[in-house]
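This report looks at how helices meet and how charged side chains pair in a single protein model. The sequence and the structure come first, and the description follows.

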Amino acid sequence: MESNSLARTDKELAELYQRHADLVYRLCYIYLKNPVDAEDAVQSVFIKLIQSQMIFNDHEHEKAWLTVTTRNYCKDILKNWWRIRRVALDTLPEVPSWNGHESSGKVLARLLSLPEKYKTVLYLYYFEEYSVREISEMLGHKESTIQTQLSRGRKLLKMDLGGNYLE
């Protein structure tokens, strides 16, 4: 950048984005193997650039900085426990009916409609088969909190399904 100011102008940022957006996207896609995640990562990398006060010597210096930043950001994303444990919704197995009268899709839909704190612990406990202790460590809550959320979540799900499930 040929500017005496540390703040970049909108024009300079737009030019920088035009020069390097394709490179950053391709790197993100190579690491993350998902176009949606790659697009999110591109945004995050360019936000880091906007927030940085880095002064580049030339276009190659820009490219090198963006390449290293992109690589590091993608590696951080890949190490994140949420990404490791995440499963695409279409790959989830059908939820077995609890009494054979309701379709499994309805049970899953009702589970997904619960408040986040109940939905998460019920899913981790019943579908991923984590123990209460493991869930408490993952979510950073006390074991008693997880047990309470499981109990309340079961009651909500039971009421939502008409009292026919989860005795």
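In this predicted model, Thr120, Val121, Leu124 and Tyr125 of helix H6 are in contact with Val132, Ile135 and Leu139 of helix H7. Sorted by character, the residues of this contact of H6 with H7 comprise 6 nonpolar, 1 polar and no charged. Helix H6, which spans residues 116-127, packs against H7 at an angle of about 135°, and the two axes lie 10 Å apart. Because angles over 145 degrees would count as roughly antiparallel and those from 65 to 115 as roughly perpendicular, H6 and H7 are oblique to each other. The crossing in which H6 passes H7 is right-handed.

The second topic is charge pairing. Side chains of opposite charge can pair when their charged atoms come close. Searching the whole structure gives 3 salt bridges, and the table lists them with the separation of their nitrogen and oxygen atoms.

| Basic residue | Acidic residue | N to O distance |
|---|---|---|
| Arg19 | Glu62 | 2.9 Å |
| Lys79 | Asp76 | 3.7 Å |
| Arg133 | Glu143 | 3.3 Å |

Helix H7 takes part in charge pairing as well as in the packing described above, since Arg133 in H7 (residues 132-139) is joined to Glu143 in helix H8 (residues 143-160), a pair that links distant parts of the chain, 10 residues apart. Arg133 is exposed, with a relative accessible area of 51%, whereas Glu143 is partly exposed at 33%.

How many residues separate Arg19 from Glu62 along the chain? The two are 43 residues apart, with Arg19 in helix H1 (residues 10-32) and Glu62 in helix H3 (residues 59-79), so that this salt bridge, too, links distant parts of the chain. Are its two partners buried or exposed? Arg19 is partly exposed, with a relative accessible area of 34%, while Glu62 has a relative accessibility of 1% and therefore counts as buried, the limit for that class being under 20%.

The salt bridge between Lys79 and Asp76 lies within helix H3, where the two residues are 3 positions apart and are therefore separated by about one helical turn. Lys79, at 60% relative accessibility, counts as exposed, and Asp76, at 47%, counts as partly exposed. Helix H3 thus holds both Lys79 and Asp76, and Glu62, the partner of Arg19 in H1, also belongs to H3.

Technical notes:
Residues are numbered from 1 along each chain as its sequence is written. This is a predicted model: local features need pLDDT of at least 70, side-chain atom pairs count only at pLDDT 80 or more; totals for chains, interfaces and linings use all residues. Side-chain values use heavy atoms; hydrogens and water are left out. A salt bridge is a side-chain nitrogen of Lys or Arg within 4 Å of a carboxyl oxygen of Asp or Glu. Helices (H or I, at least four residues) and strands (E, at least two) are DSSP runs, numbered from the N terminus. Buried means under 20% relative accessible area, exposed over 50%, partly exposed in between (1.4 Å probe, protein chains only). Axes are lines fitted to C-alpha atoms, for helices over the stretch in contact, and angles run from 0 to 180 degrees between N-to-C directions. Angles under 35 degrees count as roughly parallel, over 145 as roughly antiparallel, 65 to 115 as roughly perpendicular and the rest as oblique. A crossing is left-handed if the near helix is turned anticlockwise from the far one by less than a right angle, and right-handed if clockwise. Contact means heavy atoms within 4.5 Å. Ala, Val, Leu, Ile, Met, Phe, Trp, Tyr, Cys and Pro count as nonpolar, Asp, Glu, Lys and Arg as charged, and the others, Gly among them, as polar.
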